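Biologist: Could you take me closely through one part of this model, the place where the two chains meet, and then set that part in its surroundings? I would like one connected account rather than a list.

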Amino acid sequence: MLRLILPVAGILLLSPGIAAGGVSFVDAFDVPAGAGYVGSETCLDCHDDVGEFYANSPHSPDRGLAIPGTGIAGCEACHGPGSLHVEEDGDGFIIGPEILAGQGQGVKVAMCTQCHTDKGLEWTGGPHAGTDISCANCHTDQVHFAGGVTPVSDFRNKGEFCLQCHPAQVTDFRLPFRHRVLEGQIDCQDCHNPHADFDQTAWNGMNGVCLECHVEMEGPFVYEHEGVASEDCITCHRPHGSNHDKLLITESNSMCLQCHFEQGFNAGDGWTLGGRGHGGLLSDEARCFDCHTEVHGSNTDPNFKDQ
Amino acid sequence: MKMNRTTTITVLGLALLAFALPALAEDTVDLPAQTERIWAPTGDVIGQDNHGTATFQAKDPHGNEAKGAEDWQLVQKYSGQGLFGYFRTKENGSQYWLRGYGDNAGTGGLVGKFDLGGNIPGQFKWNIDFRDFDYFYDRTSEMRAPGFAAPPPPPELGGLPKLNWRRASIRADYRLSDQFSLVGGFNRKCRNGQKGSLLRGFGNTGASAPGTKLFDTTTNEFWGGVGYAGGGFGSDLNVSYRSTSGTRALEGRHNFNDDQTRFGAKLGLSYALNDNFKFVGHGATSKLENTGWDNTGIRTYDLNGETTTSAGQIGLLARLGKSANLAASANFRSLDTDARTNLGADVQQATARKRDSQDYRIALNYHGLAKTRLRLNYRYGTSNLDQTVAEGDIPGGAQVGDFQVSDQTRTQHDFSFRARYRVGIAATIKAKVAWRKQEIDDKNPVLSNPGNQLTYWMGDRDLNRYRWELALRMRFGRWVRFDIGHQAIDQTFERKEFGMSESTWTANRGFTNLTWSPGGGSLDLYGMFSYGVEKYSLTTDPVPTADMNAIAYNGSTMRFTPGATYHLGENLSLEGHYEGVRFEDTGNDDVIKKLQADHDRMRLRAGYDISSAAKVWASYTRNEFDENRWDDYIHHLYSVSVSGTF
């Protein structure tokens, strides 16, 4: 518990400095001296196409939504103060597309998280963190400067949106045994949070994702299978898709033997595993889980058998 | 690390392509090449216009219908499908939507999904998601053994097992002020029905019908949180309570009554010191309890299990100049488990288990070199397991029986390096290498009764795993996208206590996508090909006897998906798609006949625009499964659809 308290306390000690430590997206740029805010209506006098794009959007300048605590709203929340841009007949002096395009992921994300503050906490450890991907690359239907991917709102099921950049997973989802993402019964987001990593503070890291639905395998068990508890579910299962029933990585006994194989396991030694000959038990085309039925964990048998 | 011939050829091929072809390129690099979505139903890409699509479908089935039901959830000879979306934006900017789809192709009853939501921009948003789907299972158990090499089929279940999953979630977010926000929700998951199992019926192996598992369980979860953001500081506190209750049964012989609860709380904090440095931290705790019962057919045991988890994470995100950023974090987790089974007042089985783990991660991104992105990740983790399991109570309890004490320490190193290099204006090479080294020190268990070892002991062991990927993405003009790549895995797992028993896993997969899409032209062409081989083997290659299942695995999978769309005039479109998935397992094929399983899928579809807001479709789909066992089937599906926007 001390390990938990100490880091949390350390961060809390840092927090009194927050007022001085405040940063905003525009702070990352050299805003020209003398530039002031003119309001979105002025912007839309020339950029009426942008106004049309946002007509039915939460981002519409008509909504007047401001960066929390600033009063800065509309176009200038992202593009910075526009007075000099207007005075120069639209030539420079704002944070325009050319400048934004040259920024790294951190700056691009900061543009959105200055309002979407809850996402700022999630984003920092996510699977896309450190890549070229920023908010606008996926939320193409929410901003006027993105392109390339079909917006998530256009798909019958949200999961397919992600597959535009992850086509290898399509092949997995077309295997005979699969989580039915392409059929729309499960979404990528049911298991993956695009903004955050697998929860490192969860019961057992990545397994926590699987156990949200397959709760009975969470236990707690008197006898737990180390392959589940210490390793990951994906030691034995391919969650996207498999050629084998129950999404197993291989067929039949070849899977269990990947970990449980012992020298001397052959006909001459009576098919011995764990000090016990399995010769007669493996005949008649038996498989390990015909006897070891409770492979995910048992409360009654240390060898996960059905008794 | 083994570098086989396939890998070498792929690497050389990619290198030649990378330097020879960019001269032909004109356009910029963008998304991966996509094949057409053969799985998508009519009217699938829908946009934000109000819309609806209704489909009538007739099925002409041949062969094993149960296997077809498992693959496609298609049972009814005649069925309907529909999808719809309704969106509304009010004067004040608030939005509402309802979208969903459903069909009655399974049991004849309606299954599907809907999503109902709304928002007041900047202030409030809410969402209700509901899903109700059936999953059918084959009547025979999947297996590959000498006696199952070919028809006749084995005994099968009399009925068609069906498991229903019904899930609902409600979520609402409310912004109290510029700094404070609230979020809360409810999740519910219900499982009801019969699921086909891999194991056979009670006391049976071999040529027997599979066993089944029965489910009637419900999980409810309430959760909520509060968030604060101001200046450079952000925080959120979330709590959740989940309960699961219901019954499960294995073959009617092993019955379970679930009564599981979990409470969790999590605090997240972040602090931006300036533009370049940000600290993050998480702290979490949870308590999981299971107090159901377990009936083995002979006795009924009362369960009393509890796991308490404490976890924390601290991290730093730093921008190092204009070209590099760094992320570093330390994670700690502690799990304490106490679990017992009782027969009346007597303790039958018990455990006290404590698992502590720490891991430290660092990630460095660098893009200071022209056309190049580099990413380096390293993770070091350790964990320690102290466990006592007992028949009866654990030492210190009132009814101590035979017990076993285990002590295990794990260390793990994970290293990965990714690089991306842009060659010319229209080609990009991506590469990734990763290495995992895991060492487990598993001490000999201490037994109170040397003649009664309770749990299986693995002993010391090491794992080494290498992964690498290489891909080339090219664009020729505005029309042609071409991607090619190779992925590979090489793993060895050694058990030191058993004469250095070793198992290996090797996998190689190559893929290529090619699309030709003139844009504005009348004909688009797509094609994708992938081929993978995967092998699991054991050191001394034990060979099964003639009545056993396979011990080795040597599988290969090929997927091939050509397709085309053709626009004839302004109103008529024609589509044709094919998808073949070929699978073969030749492991132990000197004793057991190899398994070959082919999936062939084809769809032809024609659409005609009646007006700017309405379209009619006609389609023919053919699904065929052909294997050298007994599960073959063919579906001919004929459908007509009407789509409209309003």
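Modeller: What follows starts with the contact between the chains, moves to a helix and the strands around that contact, and ends with the confidence of the model.

This is a predicted model, and its overall scores are an ipTM of 0.91 and a pTM of 0.90. Where the chains meet, 136 residues of chain B are in contact with 96 residues of chain A. On the chain B side, strand β13, residues 300-320, gives the most, with 14 residues. Sorted by class, the side of chain B that touches chain A holds 52 nonpolar, 58 polar and 26 charged residues.

A good place to look closely is helix α16 of chain A, which covers residues 252-260 and in which A:Ser252, A:Asn253, A:Ser254, A:Met255, A:Leu257 and A:Gln258 are buried. The cover over these buried residues comes from both chains: it includes α18 (288-291) of chain A, together with β21 (480-495), β22 (501-516), β23 (523-538) and β24 (553-560) of chain B.

Chain B, which supplies those four strands, has a secondary structure of 2 helices and 29 strands. Its C-alpha trace spans about 85 × 70 × 60 Å along the principal axes, and 33% of its 646 residues count as buried. Among the contacts in chain B with a separation of 6 or more, 60% are between residues 24 or more positions apart.

Further along chain B, strand β26 (residues 572-585) and strand β27 (residues 595-611) run antiparallel and are joined by 14 bridges; within this pairing, B:Glu575 stands opposite B:Arg605 of β27(B). Strand β27(B) is also joined by 14 bridges to strand β28 (residues 614-627) of chain B, again in an antiparallel arrangement, and here B:Leu604 has B:Tyr620 in β28(B) as its bridge partner. The link between β27(B) and β28(B) is a hairpin with 2 residues between the strands. In general, side chains in a regular strand alternate between the two faces of the sheet.

Returning to chain A, the helix α16(A) described above falls within the range of domain 2 (207-298), while domain 1 takes in residues 152-191. The C-alpha centres of these two domains of chain A lie 28 Å apart, and 9 residues of domain 1 are in contact with 9 residues of domain 2. On the side of domain 1 that touches domain 2, α12 (168-173) and β1 (177-178) of chain A each supply at least two residues, and the largest share, 3 residues, comes from α12(A). By class, that side of domain 1 has 5 nonpolar, 2 polar and 2 charged residues.

A further helix of chain A, α8 (residues 105-113), is largely enclosed by the rest of the structure, because 7 of its 9 residues are buried. The buried residues of α8(A) are A:Gln105, A:Gly106, A:Val109, A:Ala110, A:Met111, A:Cys112 and A:Thr113.

As for confidence, chain B averages a pLDDT of 89, and 93% of its residues score at least 70. Over residues 5-29 of chain B, however, pLDDT stays under 50, although the model has 44 contacts beyond four places in sequence for that stretch. Where pLDDT is low, predicted coordinates should not be read in detail.

Note on methods: Residues numbered from 1 in each chain as written. Chains lettered and ligands numbered in written order. Predicted model: local features only at pLDDT ≥ 70, side-chain atom pairs only at ≥ 80, totals over all residues. Domains from an automatic or database assignment. Contact = placed C-beta atoms within 7 Å. Nonpolar A, V, L, I, M, F, W, Y, C, P; charged D, E, K, R; others polar. Buried ≥ 20, exposed ≤ 12 C-beta atoms within 10 Å, placed from the backbone. Pairing = 2+ DSSP bridges. pLDDT = per-residue confidence, 0-100.
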